[in-house]
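Visitor: I am new to this structure. Please take me closely through one place where two helices meet, and then show me a few other spots to look at.

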Amino acid sequence: MPISNSPLRVLIVEDSPSDAGLVVRHLQKGGFDVTYERVDSIGRLRAALTEKVWDIVLSDFNLPGFDAAKVLAILREYDQNMPFIVVSGMIGDQVAIALMRAGASDYLMKDNLERLASAVRREVANASVREAHRLAQVAQHESELKFQLLFELDPIPLCYVDQTGAVLNLNQRFRQVFGYSKTDVPTLNEWWPQAYPDPDYRHWVLETWQTAIQQAKEKQVDIKPIEYNVSCKNGDVRVVLVSGIIVNDGFLATFFDITERKQAETQLKHYVAKVELARTALLSVLEDQRAAQAALSENEARYRLLFSANPVPMWVYDLNTLAFIAVNDAAIGHYGYSREEFFNITIADIGLPDDTPRLVTIAGQKATEADGYNESGIWQHRKKDGSLIWVEITGQNLDFENRKARIILAQDVTNRLAAEHQLRLSAQVFESSHEGIIITDTHNVIVSVNRAYSEITGYPPEEVLGHSPSIVSSGKQDKTFYKAMWHDILTQGHWQGEVINRRKNGELYPQWLAISVIKDESGQITHHIGILNDLSEQHSTQERIQFLSNFDSLTHLPNRTFLNGLAQVAIAKANQLEEPLSLIYLDLDRFKIINDSLGPSVGDQLLKQLAVRLAGQLHSEHTLCRQGGDEFIVLLPNTDAETAAHIARKMLGLVAQPFTIIEHELTLTASIGIALFPQDGDNFEQLAQSADAALYRAKQNGRNSFQFFTQQMHKLAQETLQIENELRRALEQNELLLYYQPQVDAKTAKIIGAEALIRWRHPQKGMIPPGYFIHIAEESGLIIEIGDWVLKTAIQQMTDWQLAGLCIVPVAVNLSVVQFRQDSLYQNVAQTLRKCKLAPSMLELEMTEGIAMESTGQTTHTLSQLHSLGISLSIDDFGTGYSSLSYLKRFKIDKLKIDQSFVRDLGSDPEDAAIVIAIIAIAKSLGFKTIAEGVETQGQLDFLREQQCDEIQGYFFSKPLTAEKFADLLRAGGVLKDTRL
């Protein structure tokens, strides 16, 4: 089942569709629901990165015109965080390490993709964590900047106090209101007697404030506003509403100055009382009616003047109908309604619909109360333009124009609440950051740390607050280091670098530390803030890279790079002391069969067991290394040829002992090449080349043996290398061409087909037959490119003949073992036939018995696909290998080709005749046709006709011809005479 609800989006950079399909199947096997795109060029890569979003990029190393390093560089132009895994064949540890250093997440070999799913799952998860860390760091940085800006510019006095009572910061408004400067900021203990000089009042303030803090901590809520009379530095008294936000063990206090509002309320209440007294006097003392009326008029005028001129929005509304009766100019300006518009709406119309029931209930309660003055609450109102504001409402009941009414002061607190919310958010970001954060004052005393700091260092806040950051110092950095660090902090405002610190449990760990200063508006440093990351995991990765630079990751043996250094020292010593030295190359025989049949995991276990077995039998001064694949190298200082031969025989015996892997018991052989110092080379590279050449000769001589290097091997190796290089050039400069040898009907001598035979037209050596270079092409891997060229050229030639109006015949093309093992073989053949618009029945593919004998699921599937397409299949050189009737029954074969070695001595060798008779009989019994190659005499032809062989190929009818001459035969009717041409 899929491991996620959403598909894994994979971009695969791979020129082989079958390899890409293999990668996708392993991911699906690992539990992924995969959606992917395969690209094989830089242009398509850039388009895919621009147009779509990917979770991970998987890339082959060698690609047409570029490699994985180029892919990684282009990827990083678009995304610095995207996971990137190289999935390729053996590219060597050095290249793998270079890719990891450049930013690759991992490297996997195509023949061992068992851990692909887990690697992808890990790297996608790591990328998600890195992206979350990056976003959190950006949010934290922005939040800290906003916090500092909002704190300093907030129009409300703010004070930040820690748990020890230290005042960490006062904003500009606080200093303005209470008369302090930055140089005389009081501590919390100094604040109490200055702000509350009366001891009894101070005791009451302290008691209520501590109680409010304790309740807020217990309920985990903010400190509710409390009204206090606060003395300024110059002795003036301000009336403030003090509230607070708990931050760690300290708090952020807000001082909302309501002095002017309280004065207005006091005056308003005073004048309302005087109006009521005047009216009472008017009713009780008729004789003073005129004087009382004058006093009443005077007080009402003063009352109206105070109401109208108040800068705070005020209104009077009817408690029964909620209609506005009076509004002041401040309300009109603030809410945007004209006075007439106010008189046509109710107080419910400026509130939110959900608040109306509560508003009606409160109005009904106030209508029955004599006085509800000084009761306040926070409401949300809507202005005429639709914008929403928060207001703090304070009211007083009164009789107004013979109506039961209430007068309201509406203080806009939108900015104050927003500032408090932002401060609370900043505090949450500080506490939830994944990076450790530490804040110190100007004396470098710790005043605050977040949770991540405690998790990294192991110290809880209470154990570090009030202390110096040196509490975590490891002693690994000296005074010079810290002097340079503080020089940068004080002169540049910041410093960052790697340090070694100590956790509370005593463990040392690497840490990346960035320190910045915080300044006030005058440019004076008030605090230092440090952000730290634990680098332990990163260092572990670097140690892994260092290990891979010198040791094999599978067997943990030294690699060739490490051996090179040891060999240089050993050779220098041998040269100085005139001591012998030997170098052994060991390669397992047919190891690929184990990987193909039992899987790469079994092969890996076998290599690990072999490494332990060999290392356990070598002396301490000998060095065993794994060069890669199934090849090992042994450096033997102070070892002559006789001793080296003894060690080689011993190693062959160790390899021959059975291996038990899971339930499999495996028996192997090995081939060994030996080079001696100084006659076979005076440096490591020369000795390595000589030992490798000797190993090659041991394999040619039948394997399971060892060979010493000779100069003849060196000459042969040079010739082979030269042919390989020239063959590469031949491909580039179109020096290869195809000849076509007719295949005729044995009875009628009519041409019924042809075999495409490759030739090399060398610019200096002339025409070169395939026997001279095909085996080198197979060993070098060029056979794949050559085989594809032969296939496409033959198909295109048949198309050209057909377009020329010729009656074409099927052409047989030989397939190499390497070419047949490609997953893309069927697709390449089918695409070429479609592109050239050639019927599949015009193509015959010849394969050796070795291909058929592999008998893998892939072999069966590929042959079935080709046969279903309509392509004829034949077995070449039948009878020369381990012929088996089982694969003839299993595969859909059309033709058996009798090898010319059996045809050559027909008439003189009874055994060859018996073999030919048997092959023809087997073919007929299974429904196959037979074709004999190498027919050169009339006697051979007569024998084959007598045994009812179906088709003939050989010099008796025709030698291989150029395309033009073969076309002439087709134009002439395609019937050959029984004579050599």
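Guide: A definition comes before the tour. Helices here are DSSP runs of H or I with at least four residues, strands are runs of E with at least two, and both are numbered from the N terminus. With that in hand, Glu 578 can be placed: this residue sits in the loop between α19 and β23 (581-588). Keep in mind that the model is predicted.

Start with the whole chain. Its secondary structure comes to 35 helices and 38 strands. Of its 981 residues, 47% count as buried. Take the contacts between residues at least 6 apart in sequence: 58% of them join residues at least 24 apart. The accessible surface is about 48,300 Å². Carbon and sulfur atoms account for 52% of that surface.

Now the close look. Two packed helices are described by the angle between their axes and the distance between the axes. Find helix α19, residues 560-577, and helix α23, residues 684-700. Their axes come within 10 Å. They cross at roughly 110°. Angles of 65 to 115 degrees count as roughly perpendicular. The helices α19 and α23 are therefore roughly perpendicular to each other. Which residues of α19 and α23 make the contact? From α19 come Arg 560, Leu 563, Asn 564, Ala 567 and Ile 571. From α23 come Phe 684, Glu 685, Leu 687 and Ala 688. By type, the residues of this contact divide into 6 nonpolar, 1 polar and 2 charged.

Next, look beside these two helices. Glu 578, in the loop between α19 and β23, has a positive phi of about 55°. That is so although Glu 578 is not a glycine. Is Glu 578 buried or exposed? Glu 578 is exposed, with a relative accessible area of 73%. The cut-off for exposed is over 50%. On the other side of the pair, go to the loop between β28 (670-677) and α23. Pro 678 is found there. The peptide bond from Phe 677 to Pro 678 is cis. Its omega is near 5°.

Another loop lies between α21 (600-617) and β24 (623-628), and it holds His 619. His 619 counts as exposed, at 52% relative accessibility. Leu 636 is 17 residues from His 619 in sequence. Their C-alpha atoms are 9.2 Å apart in space.

Now compare what lies under cover. Thr 457 belongs to helix α15, residues 451-457. Thr 457 is buried, with a relative accessible area of 1%. What does Thr 457 contact, leaving aside neighbours within four places in sequence? The partners are Val 472, Arg 503, Lys 504 and Tyr 509. Leu 508 is 51 residues away from Thr 457 along the chain. The C-alpha atoms of that pair are separated by 10.0 Å.

A strand offers a second buried residue. Phe 400 is found in β16, residues 388-400. Phe 400 is buried, with a relative accessible area of 7%. Asp 318 is 82 residues away from Phe 400 along the chain, yet their C-alpha atoms are separated by 8.6 Å.

Asp 488 is an intermediate case. Asp 488 sits in helix α17, residues 479-492. Asp 488 is partly exposed, with a relative accessible area of 23%. Not counting residues up to four places away in sequence, Asp 488 touches Gly 493, His 494 and Trp 495. Ile 515 is 27 residues from Asp 488 in sequence and 9.8 Å from Asp 488 in space, C-alpha to C-alpha.

Helix α4, residues 93-101, comes next. Its buried residues are Ala 96, Ile 97 and Leu 99. Why do they fall on the same side of α4? They cover an arc of only 160° around the axis, and this puts them on the same side of α4. Just after α4 comes Gly 103, with a positive phi of about 125°.

One last stop. Gln 948 lies in the loop between α34 (938-946) and β38 (951-953). Gln 948 has a phi near 65°, a positive value in a residue other than glycine.

Key
Residues numbered from 1 in each chain as written. Predicted model: local features only at pLDDT ≥ 70, side-chain atom pairs only at ≥ 80, totals over all residues. Heavy atoms only, no water. Buried < 20%, exposed > 50% of the residue type's maximum accessible area, 1.4 Å probe, protein only. Contact = heavy atoms within 4.5 Å. Areas by Shrake-Rupley, 256 points an atom, 1.4 Å probe, with all protein chains shown as cover. Axes fitted to C-alpha atoms, helices over the stretch in contact; angles between N-to-C directions. Parallel < 35°, antiparallel > 145°, perpendicular 65-115°, else oblique. Nonpolar A, V, L, I, M, F, W, Y, C, P; charged D, E, K, R; others polar. Arc of directions from axis to C-beta.
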